[in-house]
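Welcome! Take a look at the structure below, and then we will walk through some of its features together.

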Amino acid sequence: MDKKTLFINADIIFQHYVSPNSYLTLNGHLIEDFGEMASCPQTTRYDYIYDLKNSSYISPGFIDLHIHGVAGADAMDGTATALKTISQILPKEGTTSFLATTITSPTKKITQAIENIARFHAYKGAKVLGIHLEGPFINLHQAGAQPKADIQESNPHLFSYWQSLAQGQIKLVTYAPEMDPHQRLLHQIIADGAIPSIGHSEATFEQVETVHSYGVSHMTHLFNGMLGIHHREIGTAGAALLLDSFTAEIIADGLPY
């Protein structure tokens with residue numbers, strides 16, 4: 001019989017609000033019930049009781065859209081062992097699912113990593129939801145940590161080949177729209193079922209506005225690896241702040257740049 005667990009005096013995070021001074025019950029690993037403390041069930045019914053003393057949150061598991069690796073293991077290692085390590089470590093940080101993220105590399109190495117991720121199935125740990133293809137179709141002048149020597153021109157045929165190998169599991173693609181002036185890569189990304197994300201880019205406001213009209217509405221690590229805000233050119237970062245319905249990653253490292 002599954003053990004029953006009761007959390008009391010907790011703040012529970014929901015999609016649009018936080019419920020203070022609440023309880024939550026588990027039957028094994030499944031959520032059974034929750035509500036305000038005024039309607040909390042009798043504690044004698046539970047095998048484990050945790051009093052969070054109104055100083056801790058209960059949250060859904062985090063979904064990490066951009067993670068290259070952890071604990072010495074990297075998605076680019078191209079091995080099941082590396083992905084297993086990542087999958088098993090992430091729940092300790094509250095992450096229960098993620099996109100295994102590639103980095104700009106030689107075509108052969110990216111291909112190997114994609115094939116490896118596509119056939120990986122985690123039995124325990126955080127679930128691999130798919131692949132975040134970061135590069136290689138980015139701007140050389142905003143490479144950041146991406147290896148400059150392996151940056152490529154926009155290549156819709158290569159992307160489509162990779163998506164085929166991935167069995168449709170490439171879910172997010174970081175690319176520089178100014179390096180794809182005729183939007184051929186963009187249209188291929190969308191046609192193949194992935195979400196385009198602007199990053200490692202020097203796209204002007206006008207260029208971002210153009211691809212936004214085709215449905216681009218996400219940015220990779222806002223302000224990092226992109227054209228910043230200037231009084232004569234609001235830039236890539238400024239476009240994300242001004243255009244409607246943009247979402248963005250933020251590197252929350254506390255640094256002022």
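## Aromatic rings

Let us begin with Tyr-50, which counts as partly exposed because its relative accessibility is 41%. Keep in mind throughout that this is a predicted model.

How many aromatic pairs does a search of the whole structure find? The search finds four. In one of them, the rings of Phe-7 and Tyr-50 have centres 5.4 Å apart and planes at 20°, so this pair is stacked. Phe-7 belongs to strand E1 (residues 4-13) and Tyr-50 to strand E4 (residues 48-51), so the pair ties together parts that lie 43 residues apart in sequence.

Phe-14 and Tyr-17 make another stacked pair. The table sets these two pairs side by side.

| Aromatic pair | Centre to centre | Angle between planes |
|---|---|---|
| Phe-7 and Tyr-50 | 5.4 Å | 20° |
| Phe-14 and Tyr-17 | 4.9 Å | 15° |

Phe-14 has a relative accessibility of 24%, so this residue counts as partly exposed. Ring pairs also bring Phe-34 into the picture, linking Phe-14, Tyr-17 and Phe-34 into a cluster.

## Helix H3 and its two sides

Now turn to helix H3, which spans residues 156-165. Which of its residues are buried? They are Pro-156, Leu-158, Phe-159, Trp-162 and Gln-163. Looking down the axis of H3, you will find these buried residues within an arc of 160°, so they line one face of the helix. His-157 and Ser-164, on the other side of H3, are exposed.

What covers the buried residues of H3? The cover includes two helices, H2 (107-118) and H4 (184-191), together with strands E10 (127-134) and E11 (170-175).

The ends of H3 are worth a look as well. At its start, a side-chain oxygen of Asn-155 comes to within 3.2 Å of the backbone nitrogen of His-157. After H3 comes Gln-167, which has a positive phi, near 55°.

## The nonpolar cores

Phe-159, one of the buried residues of H3, also has a place in the largest nonpolar core. This core has 45 residues, and Phe-159 and Ile-170 touch the most other members. H2 supplies the largest share of the core, with four residues.

Which residues does Phe-159 contact, leaving aside neighbours within four places in sequence? Phe-159 is in contact with Leu-133, Phe-137, Ile-170, Val-173, Leu-185, Gln-188, Ile-189, Asp-192 and Ala-194. There is also a second, separate core of seven residues, with Ile-12, Leu-24, Leu-26 and Ile-58 among them.

## Strand E9 and its partners

Our last stop is strand E9, made up of residues 95-101. E9 is mostly covered, with six of its seven residues buried. Is Thr-95 in this strand buried or exposed? Thr-95 has a relative accessibility of 7%, so Thr-95 counts as buried. Not counting residues up to four places away in sequence, Thr-95 touches Phe-62, Asp-64, Leu-90 and Ala-126.

E9 pairs with two strands you can trace in the model. Strand E6 (residues 62-67) runs parallel to E9, and four bridges join them. Here Phe-62 stands opposite Thr-95, and Phe-62 is also among the residues that Thr-95 touches. E10 runs parallel to E9 too, with five bridges between them. In this pairing, Phe-98 stands opposite Val-128 in E10. You have met E10 before: this strand is part of what covers the buried residues of H3.

How values were computed. Residues numbered from 1 in each chain as written. Predicted model: local features only at pLDDT ≥ 70, side-chain atom pairs only at ≥ 80, totals over all residues. Heavy atoms only, no water. Phe/Tyr/Trp six-rings, centres within 6.5 Å; stacked < 30°, edge-to-face > 60°. Buried < 20%, exposed > 50% of the residue type's maximum accessible area, 1.4 Å probe, protein only. Arc of directions from axis to C-beta. Contact = heavy atoms within 4.5 Å. Polar contact = N/O pair within 3.5 Å; in protein donor to acceptor, adjacent residues only side chain to side chain. Pairing = 2+ DSSP bridges. Core = buried A, V, L, I, M, F, W, Y, C linked by side-chain atoms within 4.5 Å.
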